[in-house]
Amino acid sequence: PGQTKLLFWDLYQKYLNKNSDIIQLHGSGNETRDFLYIEDLAQLIYLVYLNAEFGGEVYNAASGLETKIKDVAQLFIELLDKRKKINFTSNSLVGYPDNWQADISSVKKIGFEVKTKIETGLQNYIQWLKERE
């Protein structure tokens, strides 16, 4: 909640277009990302603050879970309204990686675990979006 750019914001803006039942997205949909909910990020930062030695360690802020864009986009639209369809253009954006999954072994060692499922995070984001209307 609160993020007004990137994938889910863009999806929602396209969802609001009443002139089309199709939402166009770049790429194939098979690209992957490692999503992390904001409350889990806050927990991770706090654990680093409490437990890090601050000697140059690397702590990746991520869930460690690789999720296909087409899967998460479809879930998002289903949570909103099952009537819209998603079409991927097959045109990739320059500079965007095809796959993105972080190694979170260092943050697991200091007690981090993902608590928010992606479905819950999306439901919370959708609630925030609707409250803004």
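## A walk around helix α1

Start by selecting threonine 4: setting aside neighbours within four places in sequence, its contacts (heavy atoms within 4.5 Å) are Trp9, Trp128 and Arg132. Before going on, bear in mind that this is a predicted model, where local features need pLDDT of at least 70, side-chain atom pairs count only at pLDDT 80 or more, and totals for chains, interfaces and linings use all residues. Numbering runs from 1 along each chain as its sequence is written, and side-chain values use heavy atoms, with hydrogens and water left out.

Stay on threonine 4 for a moment. This residue sits in the segment before α1 and is partly exposed at 38% relative accessible area (buried means under 20%, exposed over 50%, partly exposed in between, using a 1.4 Å probe and protein chains only). Now add leucine 129: C-alpha to C-alpha, threonine 4 and leucine 129 are 9.5 Å apart in space, yet 125 residues apart in sequence.

Next, select α1 (residues 6-15) and α3 (residues 69-80). Helices here are DSSP runs (H or I, at least four residues), numbered from the N terminus. The two pack at about 45°, with axes 11 Å apart, which makes α1 oblique to α3. Axes are lines fitted to C-alpha atoms over the stretch in contact, and angles run from 0 to 180 degrees between N-to-C directions; under 35 degrees is roughly parallel, over 145 roughly antiparallel, 65 to 115 roughly perpendicular, and the rest oblique.

Show side chains: Leu7, Phe8, Leu11, Tyr12 and Tyr15 from α1 meet Ile69, Val72, Ala73, Phe76, Ile77 and Leu80 from α3. By class, that contact has 11 nonpolar residues, no polar and no charged (Ala, Val, Leu, Ile, Met, Phe, Trp, Tyr, Cys and Pro count as nonpolar, Asp, Glu, Lys and Arg as charged, and the others, Gly among them, as polar).

Swap α3 for α5 (residues 118-132), which packs with α1 at about 50°, axes 12 Å apart. Phe8, Trp9 and Tyr12 in α1 meet Leu122, Tyr125, Trp128, Leu129, Lys130 and Arg132 in α5. This contact has 7 nonpolar, no polar and 2 charged residues.

Last stop: the rings. There are 7 aromatic pairs in the whole structure (Phe, Tyr or Trp rings, Trp by its six-membered ring, with centres within 6.5 Å; planes under 30 degrees apart are stacked, over 60 edge-to-face, the rest tilted). Pick phenylalanine 76 and tyrosine 125, a tilted pair with 6.4 Å between centres and 45° between planes. Phenylalanine 76 is in α3 and tyrosine 125 in α5, so the pair ties together parts 49 residues apart in sequence. Both are buried. Add Phe8, Phe35 and Trp128 to Phe76 and Tyr125, and you have one aromatic cluster on screen.
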